[in-house]
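Work through the exercises below with the sequence and the model at hand. Each task is followed by a solution in steps.

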Amino acid sequence: MTNHAPTPLEQAFGLAGKHALVTGGGSGLGLAIAKALVAAGASVTIAGRRLELLQQAAGDIGGDVHVLQLDLRDTASIQGFAADVERLHGPVDILVNNAGNTVKKPFEEQTIDDLDGVFDVHVRGALELTRHIIPGQAARGGGSVIFIASMTSFIGQPYVIGYTTAKSALTGVVRGLSAEYSGRNVRVNGIAPGWIDTDLFRAATSNDPARYNKIIGRIQMGKVGKPEDIGWASVFLSSAAAGYVTGQTLVVDGGALIGF
């Protein structure tokens with residue numbers, strides 16, 4: 001088979017020759033993001049705490065996929081992890097900080113440890129990983145860093161104050177790092193998913209029709225999103241098509257944020 005010259009569409013949106021690192025890539029949105037990046041031509045390393053889950057996900061994705069264990073709460077291990085990723089699988093052109101966790105309980109019952117446990121993953125861990133990836137991107141002439149934010153970056157939801165605080169902080173991280181690295185051709189953006197049809201969403205709403213109806217009533221398109229909606233948004237922000245896009249948090253929510 002002979003290689004064909006890339007079409008204009010492939011040149012704009014294709015990711016052939018790029019290596020992406022996706023944290024929390026073993027399930028949910030991270031898995032969908034990894035699938036989309038591979039479909040666009042990238043090689044992908046998925047990272048997370050559960051090796052067996054990552055290996056299952058890699059088999060599901062197919063293509064050029066690698067797995068590495070990573071616990072973002074263990075910040076002392078992140079420098080070594082970042083070095084291992086690039087030594088084993090090549091420089092990271094695209095970093096997607098997707099891994100997350102939450103604690104759901106009333107604010108009066110939340111402890112400092114609860115808050116720290118969420119902040120350590122979403123913010124401290126993601127920043128530490130980025131700190132060991134982004135200098136290489138800048139030195140090589142460019143790259144893309146994406147932080148997965150949330151609807152709680154913009155609207156209030158009860159009982160998840162740690163998650164809300166962390167996800168709100170990420171919009172500031174996007175602005176700050178884009179200001180610092182855009183001049184070195186590293187674009188930093190965020191994606192704020194709306195309500196997406198994942199296992200977590202179904203678990204939260206399957207026995208709570210009032211909650212489900214409230215959510216659907218807010219979404220202008222009248223339906224929840226699909227995980228691949230976030231995956232394709234990641235492809236866009238990672239591609240040459242978004243070459244003039246930085247410092248932005250792209251809301252992918254079917255119109256929920258501005259819904260009535």
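A residue counts as buried when its relative accessible area is under 20%, as exposed when that area is over 50%, and as partly exposed in between. The model is a predicted one.

**Exercise 1. Burial along a strand**

Task: State how many residues of E5 are buried, and which of them point one way and which the other.

Solution.
- Step 1. Apply the cut-off along E5: six of its six residues are buried, and the strand is mostly covered.
- Step 2. Sort the side chains by direction. Gly143, Val145 and Phe147 point one way from E5. Ser144, Ile146 and Ile148 point the other way.
- Step 3. Combine the two: the residues on both sides of E5 are buried.

**Exercise 2. The sheet**

Task: Give the strand order of the sheet and the sense of its pairing, then name the edge strands.

Solution.
- Step 1. Seven strands make up an open sheet, and their order is E3-E2-E1-E4-E5-E6-E7. The pairing is parallel.
- Step 2. Strand E3 (65–69) and strand E7 (249–252) are the edges, since each pairs on one side only.
- Step 3. For the twist, take the average over neighbouring strands: they are turned by 20° against each other, direction ignored.
- Step 4. Look at individual pairs. E4 and E5 are joined in the parallel sense over four bridges, and Ile94 has Ser144 in E5 as its bridge partner. Ser144 also belongs to the buried residues of Exercise 1.
- Step 5. At the E7 edge, strand E6 (residues 186–193) pairs with E7 over four bridges, in the parallel sense. Here Ile191 is bridged to Leu250 of E7.

**Exercise 3. Two helices on the sheet**

Task: Which strands does H4 lie across, which does H5 lie across, and at what angle do H4 and H5 pack?

Solution.
- Step 1. Helix H4 (residues 78–89) lies across strand E1 (19–23), strand E2 (43–48) and E3. Its direction is at about 155° to E3.
- Step 2. Helix H5 (residues 112–139) lies across E1, strand E4 (94–97), strand E5 (143–148) and E6. H5 runs at about 170° to E4.
- Step 3. The axes of H4 and H5 are 9 Å apart, and the packing angle is about 45°. H4 is therefore oblique to H5.
- Step 4. The crossing of H4 past H5 is right-handed.
- Step 5. From H4, the contact uses Ile78, Gln79, Phe81, Ala82 and Glu86; from H5, it uses Gly125, Glu128, Leu129, His132 and Ile133. By class, this gives five nonpolar, three polar and two charged residues.

**Exercise 4. A second helix pair**

Task: Find the angle at which H2 and H9 cross and the classes of the residues in their contact.

Solution.
- Step 1. Helix H2 (residues 28–39) and helix H9 (residues 227–238) have axes that come within 8 Å and cross at roughly 50°.
- Step 2. The two helices are therefore oblique to each other, and H2 passes H9 in a right-handed crossing.
- Step 3. On the H2 side the contact consists of Leu29, Ala32, Ile33, Ala36, Leu37 and Ala39. On the H9 side it consists of Pro227, Glu228, Ile230, Gly231, Trp232, Ser234, Val235 and Ser238.
- Step 4. Divided by class, the contact of H2 with H9 has 10 nonpolar, three polar and one charged.

**Exercise 5. Loops on either side of H6**

Task: Is Thr164 buried or exposed, and what does Gln157 contact beyond four places in sequence?

Solution.
- Step 1. Thr164 is part of helix H6 (residues 161–181). Thr164 counts as buried because its relative accessibility is 14%, which falls under the 20% cut-off.
- Step 2. Beyond four places in sequence, Thr164 touches Thr152 and Gln157.
- Step 3. Gln157 sits in the loop between E5 and H6 and is partly exposed, at 28% relative accessible area. With neighbours within four places left aside, Gln157 is in contact with Met151, Thr152, Thr164 and Trp195.
- Step 4. Tyr159 is found in the loop between E5 and H6. Its phi is near 75°, a positive value in a residue other than glycine, and Tyr159 is partly exposed at 46%.
- Step 5. Asn185 is placed in the loop between H6 and E6. Phi of Asn185 is positive, near 70°, and this residue is not glycine. With a relative accessible area of 45%, Asn185 is partly exposed.

Methods: Residues numbered from 1 in each chain as written. Predicted model: local features only at pLDDT ≥ 70, side-chain atom pairs only at ≥ 80, totals over all residues. Heavy atoms only, no water. Buried < 20%, exposed > 50% of the residue type's maximum accessible area, 1.4 Å probe, protein only. Contact = heavy atoms within 4.5 Å. Pairing = 2+ DSSP bridges. Axes fitted to C-alpha atoms, helices over the stretch in contact; angles between N-to-C directions. Parallel < 35°, antiparallel > 145°, perpendicular 65-115°, else oblique. Left-handed = near helix turned anticlockwise from the far one by under 90°. Nonpolar A, V, L, I, M, F, W, Y, C, P; charged D, E, K, R; others polar.
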